[in-house]
Amino acid sequence: MPAQERRPIVAGNWKMNTTLSEAIQLASDVREPLATLAGVESVLCPPFISLAAVRDAVAGSPVALGAQNCHFEAKGAFTGEVSPAMLADLSCQYVIVGHSERRALFGEDDALVGRKLRAAQAHGLSVILCVGENLEQRESGQTDAVVGGQARGALEGLEASAWDRLVIAYEPVWAIGTGRAATSAQANETIGAIRRVVADLAGEEIAGRLRIQYGGSVTPANAAELFAQPEIDGALVGGASLKAVDFVAICRAAAT
Ligand code: PEP
């Protein structure tokens, strides 16, 4: 599928930010401007406790709801965890798995990420799978091997129909929250490498259809240049998604 036929997707990862009232305010502020943007899919990923309120705030608009994480079991004795079944019941359409903060701070490995991914899909959720290298890995020329390994580790053996409920976010760890985004050429090149891994796993047709976002210090200032690259299908946005005008501007850049 030619790049221009893949509909870009921009997701705001609010991380552990926003109180309930702040979350409702932010969702309400982006709702109308995002509703008029036809050429992009926009997703809000608030903290768990605000999912229901954000769902209600964007109800009736095309803005989608996503969670930032999930467990792999549907229910049970897992104190403090939230299951894919609960997220589906809340009308979540997306869930992020394998974010670098969860890999680095909570010890999540590819096997666990793969389990979460399959469990989420089994409950009808679409998954945003994050992959990305750290600075040392980039500087020592291991980027493609690292992101390819993460993709294979989570996606090997995925059944053909499941690829339609998947988005990959390429997020270099050194670019997340640092104000130092990858250059558009770096992002395009690495996303191209990820797409070749997907082609190897699932075939050219699925690889050509799969949306692969870039994430890491995306702002209204660098969004258009990133989105002009043929391999980049939108963004996963952290810090800039907490400011309504900035998130809307990034979505607008993806829509044009
Ligand atoms: C992220 O956490 O997924 C992210 C991309 O953060 P930021 O945009 O703040 O770099």
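This is a short tour of a predicted model, going from the whole fold to the ligand and then to the largest pocket.

**Start with everything in view.** Show the protein as a cartoon and colour by secondary structure: you should find 11 helices and 8 strands. Switch to the C-alpha trace and line the view up with the principal axes, along which the trace spans about 45 × 45 × 35 Å. How does the radius of gyration fit a compact globule? A globule of 256 residues would have a value near 18 Å, and the protein has 17 Å, so the two agree.

**Now select the ligand.** Show the residues around the ligand as sticks; there are 14 of them, and Lys15, Glu171, Gly177, Ser217 and Gly238 come nearest. Colour that shell by class and you get 4 nonpolar, 8 polar and 2 charged residues.

Next, pick out the polar contacts one at a time:

- Lys15: a side-chain N or O atom sits 2.5 Å from an oxygen atom of the ligand.
- Gly177: here a polar backbone atom is 2.7 Å from a ligand oxygen.
- Ser217: again the backbone takes part, with an N or O atom 2.7 Å from an oxygen of the ligand.

Then put a surface on the ligand. How much of it does the protein bury? On its own the ligand exposes 290 Å², and the protein covers 96% of that.

**Stay on Ser217 for a moment.** Trace the backbone and you'll see that Ser217 belongs to the loop between β7 (211-215) and α10 (223-227). Check its phi as well: Ser217 is not a glycine, yet the angle is positive, near 60°.

**Jump to Thr18.** Which loop holds Thr18? Look between β1 (9-13) and α1 (20-35). Thr18 is another non-glycine residue with a positive phi, about 85°.

**Finish at the largest pocket.** This one holds about 490 Å³ of space. Its lining is made of 18 residues, and those closest to the centre are Lys15, Met16, Gln68, Arg102 and Phe106. You have already met Lys15 as a ligand contact, so keep that residue highlighted while you look around.

Which element gives the largest share of the lining? Select helix α4 (residues 100-106), which supplies 4 residues. Finally, colour the pocket lining by class, as you did for the ligand shell: the lining has 9 nonpolar, 5 polar and 4 charged residues.

Technical notes. Residues are numbered from 1 along each chain as its sequence is written. This is a predicted model: local features need pLDDT of at least 70, side-chain atom pairs count only at pLDDT 80 or more; totals for chains, interfaces and linings use all residues. Side-chain values use heavy atoms; hydrogens and water are left out. On a 1 Å grid over the protein atoms alone, a cavity is a set of points where a 1.4 Å probe fits but cannot get out, and a pocket is an open set with protein on both sides within 12 Å along at least five of seven lines; lining residues have an atom within 4 Å of a point. Grid points are joined across faces, edges and corners, and a volume is the space filled by probe spheres set on the points. Helices (H or I, at least four residues) and strands (E, at least two) are DSSP runs, numbered from the N terminus. Ala, Val, Leu, Ile, Met, Phe, Trp, Tyr, Cys and Pro count as nonpolar, Asp, Glu, Lys and Arg as charged, and the others, Gly among them, as polar. A residue is near a molecule or strand if one of its heavy atoms lies within 4 Å of it. A polar contact is a pair of N or O atoms within 3.5 Å; within protein, one must be able to donate a hydrogen and the other to accept it, and residues adjacent in sequence count only if both atoms are side-chain atoms. Accessible areas come from the Shrake-Rupley method with a 1.4 Å probe; for residues, only the protein chains shown count as cover. The radius of gyration is taken over C-alpha atoms; the globule rule is 2.2 Å times the number of residues to the power 0.38.
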